Amino acid sequence: MDKSGLPPEVQLPVEYLGGSPFSSYLVPGLLLAVIVGGTHTVAFVLLLRRRGLASMAAATAGYSILVWIFVQMALIPFSALQAVYFSAGLAEVGLLLLLLGVASPERTASFPELLGPLGPVEGREPAVGSSHDRRKHSA
């Protein structure tokens, strides 16, 4: 045990921070708590209160963990836990896209004409120059 109070089995070697701008895990830990934890907390509270910005906050939170893990994998040696957290972030963003109806397997299989470049079009006019617009004008 060292002064952190953690057993040696769960402590990360300080050598992992070589090549990064940090000399200890304090600042990265605080950034992780504030940026990733904070955005997830805000998204959760907005979702509980059914606010209009809940989806945007959830997307920000999901992408924040993906960016965090991507940068972490670029700076320190790979760990299986990084893959787990990256997968969790992908699942979070994927579930949000399903919730918003952007990625809906049933609708796109049944109605392929409703699939726009970023998801279902739902009665909106396709953008000029889109594949839908070209199909409409070429027929």
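In this predicted model, the buried residues of helix H1 are Pro 28, Val 36, Ala 43 and Leu 46. Helix H2, spanning residues 54–75, is included in what covers them. H1 itself occupies residues 26–48, a run of 23 residues. From first to last C-alpha it reaches 31 Å, close to the 33 Å expected at 1.5 Å a residue. The helix bends by about 30° at Gly 37.

**Helix pairs**

H2 takes part in two of the helix packings described here, one with H1 and one with H3, which covers residues 80–100. The geometry of each pair is as follows.

| Pair | Angle between axes | Axis separation |
|---|---|---|
| H1 and H2 | roughly 155° | within 8 Å |
| H2 and H3 | about 155° | 9 Å |

An angle over 145 degrees counts as roughly antiparallel. H1 and H2 are therefore roughly antiparallel to each other. H2 and H3 pack at an angle of about 155°, which makes H2 roughly antiparallel to H3. H1 passes H2 in a left-handed crossing, and H2 passes H3 in a left-handed crossing as well.

On the H1 side of the H1 and H2 contact, the participants include Pro 28, Val 36, Ala 43 and Leu 46, the residues listed above as buried. Leu 31, Leu 32, Ile 35, Thr 39, His 40 and Leu 47 of H1 also take part. They meet residues of H2, among them Ala 54, Ala 57, Thr 60, Ser 64 and Trp 68.

Toward H3, the contributors from H2 include Ser 55, Ala 59, Tyr 63, Leu 66, Ile 69, Gln 72 and Met 73. Their counterparts in H3 include Gln 82, Tyr 85, Phe 86, Gly 89, Leu 90, Val 93 and Leu 96. Ala 58, Ala 61, Gly 62 and Ile 65 of H2 are listed in the contact with H1 and also in the contact with H3.

**Individual residues**

Gln 82 is placed in helix H3. With a relative accessible area of 4%, Gln 82 is buried, since buried means under 20%. Apart from neighbours within four places in sequence, Gln 82 is in contact with Ile 69, Gln 72, Met 73, Ile 76 and Pro 77.

Two of those partners, Ile 76 and Pro 77, are also touched by Tyr 16. Tyr 16 lies in the segment before H1 and counts as partly exposed, at 29% relative accessibility. Its other contacts, not counting residues up to four places away in sequence, are Tyr 25 and Leu 75. Tyr 16 and Leu 75 are 59 residues apart in sequence, while their C-alpha atoms are 7.9 Å apart in space.

Arg 50 lies in the loop between H1 and H2. Most residues other than glycine have a negative phi. Arg 50, by contrast, has a positive phi near 55°. At 75% relative accessibility, Arg 50 counts as exposed.

**The chain as a whole**

The protein chain has five helices and two strands. From the N terminus on, its elements run α-α-α-α-β-β-α. Of its 139 residues, 21% count as buried. Among contacts with a separation of 6 or more, 34% are between residues 24 or more positions apart.

Definitions and conventions:
Residues numbered from 1 in each chain as written. Predicted model: local features only at pLDDT ≥ 70, side-chain atom pairs only at ≥ 80, totals over all residues. Heavy atoms only, no water. Helix = DSSP H or I, 4+ residues; strand = E, 2+ residues; numbered from the N terminus. Expected span 1.5 Å × (residues − 1). Bend = angle between axes of the 7 residues up to and from the residue. Buried < 20%, exposed > 50% of the residue type's maximum accessible area, 1.4 Å probe, protein only. Contact = heavy atoms within 4.5 Å. Axes fitted to C-alpha atoms, helices over the stretch in contact; angles between N-to-C directions. Parallel < 35°, antiparallel > 145°, perpendicular 65-115°, else oblique. Left-handed = near helix turned anticlockwise from the far one by under 90°.
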